[in-house]
Amino acid sequence: MSTVQHTLRLPRALDQALRKHAAARELTPYALLQLCVRSGLASVIDERSQTPLLNEVARELGALSARVAHIERLTERTLYVACAAYVYARAAAPARVDDTQLSDDITAAFQRQLSHAGDAS
């Protein structure tokens, strides 16, 4: 393998960090510097090749988020209907109650169930 020489000037703080980490890994500063260049170049190349993949993942997450929001709305509607059925069944047993009272009871039952689920507003 033939090598090419490059001159590299580092700020003093980077040089000290390079020497410290090289000593900790029992490497020379030059060997660690070569490792850093290889790792950095590999990560830059990988970033470019992963961009389409990351865009696709972001699109899928957006679609999934929209579907979860739709499911949450359906679940709340289902809970409301269940609460309405409960209140109407309860009201059917004794004497009939007016519709505004039933609506208030439904809303109260719905809010109770939401608070039990931890989603009370």
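Which residues make up the largest nonpolar core? In this predicted model, local features need pLDDT of at least 70 and side-chain atom pairs count only at pLDDT 80 or more, while totals for chains, interfaces and linings use all residues. Residues are numbered from 1 along each chain as its sequence is written, and side-chain values use heavy atoms, without hydrogens and water.

The largest nonpolar core has 9 residues: Cys83, Ala84, Val87, Ala91, Leu102, Ile106, Ala109, Phe110 and Leu114. Such a core is a set of buried Ala, Val, Leu, Ile, Met, Phe, Trp, Tyr and Cys residues joined through side-chain atoms within 4.5 Å; buried means under 20% relative accessible area, exposed over 50%, and partly exposed in between (1.4 Å probe, protein chains only). Two or more residues come from each of α2 and α3, and α3 gives the most, with 5 residues. Helices are DSSP runs (H or I, at least four residues), numbered from the N terminus.

Helix α3 covers residues 99–117, and its end C-alpha atoms are 27 Å apart, in agreement with the 27 Å expected for 19 residues at 1.5 Å a residue (1.5 Å times one less than the number of residues). Its buried residues are Leu102, Ile106, Ala109, Phe110 and Leu114. Seen down the axis of α3, these fall within an arc of 135°, so they line one face of the helix; the arc is taken from the directions from the helix axis to the C-beta atoms. Thr100 and Asp104, on the other side of α3, are exposed. Gly118, just after α3, takes a positive phi of about 85°.

Val68 is found in helix α2 (residues 29–92) and is partly exposed, with a relative accessible area of 39%.
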